[in-house]
Structures are given as structure tokens and as C-alpha cells.
Amino acid sequence: MVFDLIREIDIVFATYNTTHAGFNEAYRLLGHILMTVAPYEEYYLNHRDELEAGIAQVRGMIEAFNADFGLSIDALTATRNQLASWLTPTGIAEIGGGTLMASDICVPVPGRQC
């Protein structure tokens, strides 16, 4: 009975020492994060309206670029298809010199399947 009690106390001490070290490291890292973020937080709080306006402006520019670029690609695709439709398969082979056209090659990238 005494040996069981000693064993249980030993388990409690071992668990405490392990978790104590882990908690100390976690708190140290949390403190480091908070100290690192503090200057940015202060800047954000003092310039919130400017930052929100800048983010909205950048978002708008990206949306406009995507819309305009998408239209340009669509127009370029239509032009290429129109030119290709004017030529016969023999004409395309002659223009290409027997090589593949760039549109015949697919490079798989994230978001695109070949």
C-alpha cells in the first residue's frame, strides 16, 4: 500500500514537471508573439481608417485587373480561334512547320487540369 502511494506520488511529480516545463515554454512563446505583434497592433489602432481604405483600394484594383485581364484573354482566345478556323488543317501544319502550337501544350498548375 505504501509502495502504491509512493508510485502514485511519483507519477504526479513526473506529470507536474513535464507539464510545468511545457507551460513555461508555451507562456514564453506567447509572450514573444505578443511583444512582436504589439507595435503592429498599435500602428493598426492609430491608422485603422487609412489601412482599411488602402486594403479596399488594393482589393478593388485586383478585382478590376481580373475583370479586364479576363476580357483580354477571352478576346485573344476568340481571335486565335477565328484565325485557326480560316485555315485548313494543312495550312496550320504548314504555318507551324510541323511543330506543336503553344495551345497544344498543357502545363499542369494548381487550379488547372490538363
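**Notes on an all-helix predicted model**

1. Starting with a contact: Glu52 pairs with Arg48 in a salt bridge, and 2.9 Å separates their closest N and O atoms. This is a predicted model, so take that distance as a computed value. Both residues belong to helix H2, where Glu52 and Arg48 sit four residues apart, about one turn of the helix. That spacing fits the usual geometry: an α-helix has 3.6 residues a turn, so positions three or four places apart point the same way. Neither partner is tucked away: Glu52 counts as partly exposed because its relative accessibility is 38%, and Arg48 is also partly exposed, at 45%.

2. How many salt bridges turn up in the whole structure? The search finds two. Besides the H2 pair, there is one between Glu25 and Arg28, with the closest N and O atoms 2.8 Å apart. Glu25 and Arg28 are three residues apart in helix H1, so about one helical turn lies between them. In general, side chains of opposite charge can pair when their charged atoms come close. Glu25 is partly exposed, given a relative accessibility of 36%, and Arg28 is partly exposed as well, with a relative accessible area of 48%.

3. On the overall fold, the protein chain has three helices and zero strands, giving the pattern α-α-α when read along the sequence. H1 is worth a look: with 45 residues, H1 spans 63 Å from first C-alpha to last, close to the 66 Å expected at 1.5 Å a residue. H1 does have a kink, though, of about 35° at Ala38, shortly before the proline Pro39.

4. Now the surface. Which residues make the nonpolar patch? Tyr43, Tyr44, Leu45, Leu51 and Ile55 do, and the patch covers about 480 Å². Helix H1 (2-46) and helix H2 (48-86) are the elements that each give two or more residues to this patch. H1 has the largest share, with three residues. Ile55 sits in helix H2; is Ile55 buried or exposed? Ile55 counts as exposed, because its relative accessibility is 51% and the cut-off for exposed is over 50%.

5. Burial across the chain is worth flagging too. Of the 114 residues in the protein chain, buried ones make up 2%. Buried here means under 20% relative accessible area, so none of the four salt-bridge residues described above falls in that class. The protein chain exposes about 10,300 Å², and carbon and sulfur atoms supply 67% of that area.

6. Last, confidence. The mean pLDDT of the protein chain is 79, with 78% of its residues at 70 or more. Where is confidence lowest, and where highest? The low point is helix H3 (residues 89-96), at a mean of 65, while the high point is H2, at 84. Where pLDDT is low, the predicted coordinates should not be read in detail. The Glu52 and Arg48 pair, for its part, lies in H2, the helix with the highest mean confidence in the protein chain.

Note on methods
Residues numbered from 1 in each chain as written. Predicted model: local features only at pLDDT ≥ 70, side-chain atom pairs only at ≥ 80, totals over all residues. Heavy atoms only, no water. Patch = residues over 30% accessible without salt bridge, like charges linked within 9 Å, V, L, I, M, F, W, Y side chains within 5 Å. Areas by Shrake-Rupley, 256 points an atom, 1.4 Å probe, with all protein chains shown as cover. Salt bridge = Lys/Arg side-chain N within 4 Å of Asp/Glu carboxyl O. Buried < 20%, exposed > 50% of the residue type's maximum accessible area, 1.4 Å probe, protein only. Expected span 1.5 Å × (residues − 1). Bend = angle between axes of the 7 residues up to and from the residue. pLDDT = per-residue confidence, 0-100.
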